[in-house]
Amino acid sequence: MTDFELTTMLKDLADVPAPPPSIDVDRARRIGGRRRRVRTTALALGCAAVVAAGGLTAVAVFRHDPAPAPAAVQPKPKPGPVAVAPAPTDNPLVAKADFGWLPEGVSRIEHGVGGHGDYTLALGGGDRAPMIWLAVYDQEPALDRKHDMGGQAVRVPVRVGDRDGYWVTTDAKDPLNHGDSYLRWPTADGRWAELHAYYLALPDLQQALLRVAGEVTFANRPVALPLHILGLPDTFHLADANVWRRPDTDGVPWRVVLSYSVNGALATITVSLPGGRADGIGDPVCATRNGLRACVTVDNPAAAGLDGERVLDRITLLGPDESKWTTHVVG
Amino acid sequence: MEAGFTDYVTARSAWLRKVAYLLCGDWHRADDLVQTAITRLYANWSRAARADNLDGYARRTLVNAYLAEQRTSWWRRVDLRGADHDPPPAPGPDVDSALDLRAALDRLPARQRATVVLRYFCDQPVADTARALGCSEGTVKSQTAKAVDTLRELLREPIWEGRG
């Protein structure tokens, strides 16, 4: 079946007989308009608060008499930023944060950088595996950073360890956002951390997620990988790097996948135990050495300047014992 | 503004409904997804109407609604045990290749399914698909390859890869 045939099949499927539509444009206008008004009002109130605060500041600056000290609330001294060591350059996969405590059954740890952002993921097993995504942002993300809350996102303040954080939810009465839960808090070095959890059924999920957040540690930690790549050309720019631990779907305990953009081509390196599937586009070139299998695909060798065989020649596999893996991957 | 929104939805709701059906495989859920998407579209109409590609904006809104629904619908089933959570009626026997494809699409993870629909049904290039899904072009390529591999296995017929 060609691309064209797949497209045709999709069009045929979309054309199968359907029940009459139940889409209500008036209802969309009513509810959408209400959301817009709420948002506009909130924005206006926010602006008014800023203007009022600015006015008070101006009065304080220009008045001759010293302003009286605030009666009750003393500003808390903010701790200075705590520097984080720069990320190493010889490892494509550097974790910005690590979990401490995790709920029982959510113990597999994956790492990724690239397409889905830079994350550390704790997950369980099964069809709808519970997942807790941990990400660190240089600046506070937009409230509805994934644009999937329909303009209804609100903050619900909460204390995370010794910091003032908040839940992001579409329902202020349900900080857990109906199970698609977001918890954010500022880190000691001035960045922002976020937990995004779903498919997680626990008796006291709020407390569990707060405990997970409270025990997160922050540092640029290179993730040990099962390969060393000698002399990767400068034209290889990392697109995605992932450590997957999905035995249910992959048939092997883990897979490491590094994808590089090379002059518009995509070169993908997959390392796993023998039997693992190769990612990428095109026919993989594979080799089994030292108890591991490495496969390379290059979708356009002419553009990339070298083919899968040449990339494979540069790879040393370090074996299945994870204690022998290296954090110095490229060089 | 009102007329522009109404005109757009009137003209494009049938197309949005088809995209939604390919994403979720059920016409009633598809209507719910389109309803959610056009509500969000109206709430953001002043921005949407200025978009270079209004179809692209609407498509991205629809895909986001679908991916979010995947997660929260699970929670409703867990949270409201014993309430209104009857499983959807089983589909009738799949008698042609289109319905075989529907069954195969049901087996794909949500993001891979969205990738297939955007790339092959909506004929979107890698870059636009990446923007719609909020991921890198490399991720779109690898997700497409995985999805096509799975469909090939499920439909037991090779799909020749040619899309870069």
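Start in chain A with strands β2(A) and β11(A): they pair in the antiparallel sense over three bridges. Bear in mind that the model on screen is predicted. Zoom in on Val113(A), which stands opposite Ala241(A) in β11(A).

Stay on β2(A), residues 108–113, and bring up β3(A), residues 119–123. These two strands run antiparallel, joined by five bridges. Pick His111(A) next. Across from His111(A), in β3(A), is Thr120(A).

**The A–B contact**

Now show both chains. Select the side of chain A that touches chain B: 51 residues of chain A are in contact with 51 residues of chain B. Which elements of chain A give two or more residues to this side? Colour α1 (3–14), α2 (25–62), β11 (236–244), β12 (255–262) and β13 (265–272) of chain A. You have met β11(A) already, as a partner of β2(A). The largest share comes from α1(A), with nine residues. Recolour this side of chain A by class. You should find 20 nonpolar, 17 polar and 14 charged residues.

**Helix α6 of chain B**

Move to chain B and select residues 110–121, helix α6(B). Check its length first. Twelve residues at 1.5 Å a residue should span 16 Å, and the end C-alpha atoms are 16 Å apart, so expectation and model agree.

Is α6(B) mostly covered or mostly open? Mostly covered: ten of its twelve residues are buried. Here a residue is buried if 20 or more other C-beta atoms lie within 10 Å of its own. The buried residues include Arg111(B), Arg113(B) and Arg119(B). Ala114(B), Val116(B), Val117(B), Leu118(B) and Tyr120(B) are also among them. Gln112(B) and Thr115(B) are buried too.

Step past the helix to Asp123(B). This residue follows α6(B) and has a positive phi, near 55 degrees.

**Where α6(B) meets α8(B)**

Add helix α8(B), residues 137–155. How do the two helices pack? Their axes are 9 Å apart, at an angle of about 95 degrees. Angles of 65 to 115 degrees count as roughly perpendicular, and α6(B) and α8(B) are therefore roughly perpendicular to each other.

Show side chains on both helices. From α6(B), select Arg111(B), Gln112(B), Thr115(B), Val116(B) and Arg119(B). They meet Val140(B), Gln143(B), Thr144(B), Lys146(B) and Ala147(B) in α8(B). By class, the residues of this contact are three nonpolar, four polar and three charged. Finish on Arg111(B), which is buried and takes part in the contact with α8(B).

How values were computed
Residues numbered from 1 in each chain as written. Chains lettered and ligands numbered in written order. Predicted model: local features only at pLDDT ≥ 70, side-chain atom pairs only at ≥ 80, totals over all residues. Contact = placed C-beta atoms within 7 Å. Helix = DSSP H or I, 4+ residues; strand = E, 2+ residues; numbered from the N terminus. Nonpolar A, V, L, I, M, F, W, Y, C, P; charged D, E, K, R; others polar. Expected span 1.5 Å × (residues − 1). Axes fitted to C-alpha atoms, helices over the stretch in contact; angles between N-to-C directions. Parallel < 35°, antiparallel > 145°, perpendicular 65-115°, else oblique. Pairing = 2+ DSSP bridges.
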